[in-house]
Amino acid sequence: MSRAIPSGPGQAANAQARLKAPAIDKMEAKLSKASRALNASPIQEISHLAQRCGAINLAEGFPDFPAPPQVKHAAVAAIAADLNQYRHVQGICDLLAVKMKQNHVLDFDPLTDFVICCGQSEAFAATILATIDQGDEVLIFDPAYETYESCIILAGGIPLELRISQVYVPLDPPYWTLNVDKFMRSFTGRTKAVVLNRSLNEEKIGCIKETNYNSYSPHNPTGKVFSKEELEVIAAACCQMDCLAITDEVYEYITFDTHKHLSIASLPMMKERTIITSSLSKTFSVTGWRIGWACAPTAIASAIRNIHIKITDSAPAPFQEAALAALQSPPEYFSSLKADYVARRDFLIKMLSEVGFQVHNKPQGSVFIFAELPKTCLLCDVSELSPATFPFIDFVKELIEKAGVAAVPGRGFFHGDCNDLTQQSRYVRFAFCKSNDTLSAADQKMRSCVGK
Ligand SMILES: Cc1ncc(COP(=O)(O)O)c(C=O)c1O
């Protein structure tokens, strides 16, 4: 049937009205269930508020200092050489395979076992899509980095949160220790994977040192590490329950003091059931370049690669070239990265402690401090805030408005229903991946706000 062509101005207006965009609520009805299940990111929300108020941003975990010059030069050279098209730089996989051997004594085939992705975020999402079916259960430790749950929901899986704080010592949560009973009871016949982004604690690992197992990838938001016993429990449970371990190792080179990163894939029987995801983002201060990877048993890597190709085709070409330079950085680069971060961590811990926060866990890795507000906090008396009115947002908003410093409400890292909102709302995450100037300015603002 042919459409009538409007002949006069009145008719044209009517036709336009008929073609008008449908009402917003009708469009909302078109949204998928999965997209509706995702909450807005509190980190983004706070960052926008910080921007509007001109506050110093200690909320987001991106470095505000320059990337290493040799890595930037490699990116510039790649653009000058017109490496502008879809690209797979096999050299990255070759270098990663060498590093797996050197750092973890693990043999991976560079031709089949690595997938170059757009950051750890895409590597993780593609891993979940490659392995999780609707109804599968995935164990996540709580608190956790916010994107894990979202990816699992998008894949139709069910994230099961292990609220360590509630289980272990409910009135004294700062150590975030794994409760083995609760962990073991969380497995069901449908458990497909455990997501790991925590570390192995070297203080408790006597025998592990001898076997060269040092520490497992640091945790966002707490900066904590696993004890040897905890990690072994997780590995044993994965083997016993025939589950995958999906790891996020973006802080593999940002471990402090005596801690050295270890992947759970290095533990006996774990290589064949572990998918490692990581990236250049944090190690080389290039979170916007979007270069990451997944490393997995061949069949799983192949599935991840298929998904990656269907979704994004390839990671940015010039930055893949720069990754070659980055991954060939000399050992001094990695040691000075750690030393700089230790200094930044200690500076921020000192300031936070002196203005009234409690830092129970000195981060052993990562770029975050998960600080607790004391009842007598000089900045805000949280006990007066009602959980029903989202005190975690209120407190952080107040911090932005009064002190001019942005941080992330700790509540944003806890998932699902929680029985003790008030306690979880007492945590605030501060990022210390910031220049000395930024940290000094934050120091001055926070101190002058509380008169210290
Ligand atoms: C634990 C953790 N994993 C992954 C990411 C994101 O990594 P990428 O930039 O490689 O996607 C972040 C960023 O803050 C993080 O803290």
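Let's start with a small piece of the fold: three strands make an open sheet in the order S13-S16-S15, with antiparallel pairing. At the edges sit strand S13 (368–372) and strand S15 (408–409), each of which pairs on one side only. Take the S13 side of this sheet: S13 and strand S16 (residues 427–431) run antiparallel and are joined by 5 bridges. If you want one pair to click on, Glu372 has Tyr427 in S16 as its bridge partner.

Bear in mind as you look around that this is a predicted model. Now zoom out to the chain as a whole. The protein chain has 452 residues, and 44% of them count as buried. Its secondary structure comes to 18 helices and 16 strands. Now consider contacts between residues at least 6 apart in sequence: 72% of these join residues at least 24 apart.

Helix H4 is a nice one to take slowly. Helix H4 covers residues 42–53, which is 12 residues, and at 1.5 Å a residue it should span 16 Å; the C-alpha atoms at its ends are 16 Å apart, so the expectation and the model agree. Which residues of H4 are buried? They are Pro42, Ile43, Ile46 and Ala50. Looking down the axis of H4, you'd find these buried residues within an arc of 100 degrees, so they line one face of the helix. The background here is textbook: an α-helix has 3.6 residues a turn, so residues three or four places apart point the same way. Over on the other side of H4, Gln44, His48, Gln51 and Arg52 are exposed. Just after H4 comes Gly54, with a positive phi near 65 degrees.

Stay with H4 a moment longer and pick out Ile43, which is found in this helix. Why does Ile43 count as buried? Because it has 20 C-beta neighbours inside 10 Å, and 20 or more is what the label buried asks for. Leaving aside residues up to four places away in sequence, Ile43 touches Ala59, Glu60, Glu146, Val408 and Gly412. One of those, Val408, brings us back to the sheet we began with, as S15 is 408–409. Ile43 and Gly61 are 18 residues apart in sequence, and their C-alpha atoms are 9.5 Å apart in space.

Next, some strands on the inside. In strand S5 (residues 191–196), 6 of the 6 residues are buried, so this strand is largely enclosed by the rest of the structure. S5 has two parallel partners to look at. With strand S3 (residues 137–142), it runs parallel over 4 bridges, and Ile140 stands opposite Val195 in S5. With strand S9 (residues 244–248), S5 again runs parallel, joined by 4 bridges; here Ala193 has Leu244 in S9 as its bridge partner.

Strand S2 (residues 114–117) is covered on both faces: Phe114 and Ile116 are buried on one side, and Val115 and Cys117 are buried on the other. S2 pairs with strand S12 (residues 292–295) in the antiparallel sense, over 4 bridges. In that pairing, Cys117 stands opposite Gly292. S2 also turns up in the surroundings of helix H14 (residues 317–327), where Pro318, Phe319, Gln320, Glu321, Ala322, Ala323 and Ala326 are buried. The cover over those buried residues of H14 includes S2, along with helix H5 (69–80) and helix H6 (90–104).

Loops can hold buried residues too, as Met270 shows. Met270 is found in the loop between strand S10 (261–262) and strand S11 (274–279). It is buried, with 20 other C-beta atoms within 10 Å. Not counting residues up to four places away in sequence, Met270 touches Ala235, Cys238, Ala245, Ile264 and Ala265. Among them, Cys238 is 32 residues from Met270 along the chain, and their C-alpha atoms are separated by 8.2 Å.

Finally, the ligand. Which residues are closest to the ligand? Among the 13 residues that surround it, the closest are Gly119, Gln120, Ser121, Ser279 and Ser281. Helix H7 (residues 119–131) gives the most to this shell, with 3 residues. Sorted by class, the shell around the ligand has 10 polar, 2 nonpolar and 1 charged residues.

Note on methods: Residues are numbered from 1 along each chain as its sequence is written. This is a predicted model: local features need pLDDT of at least 70, side-chain atom pairs count only at pLDDT 80 or more; totals for chains, interfaces and linings use all residues. A residue is near a molecule or strand if its C-beta atom, placed from the backbone, lies within 6 Å of it. Ala, Val, Leu, Ile, Met, Phe, Trp, Tyr, Cys and Pro count as nonpolar, Asp, Glu, Lys and Arg as charged, and the others, Gly among them, as polar. The expected span of a helix is 1.5 Å times one less than its number of residues. A residue is buried if 20 or more other C-beta atoms lie within 10 Å of its own, exposed if 12 or fewer, and partly exposed in between; C-beta atoms are placed from the backbone. The arc is that of the directions from the helix axis to the C-beta atoms. Two strands pair if DSSP finds at least two bridges between them. Two residues are in contact if their C-beta atoms, placed from the backbone, lie within 7 Å.
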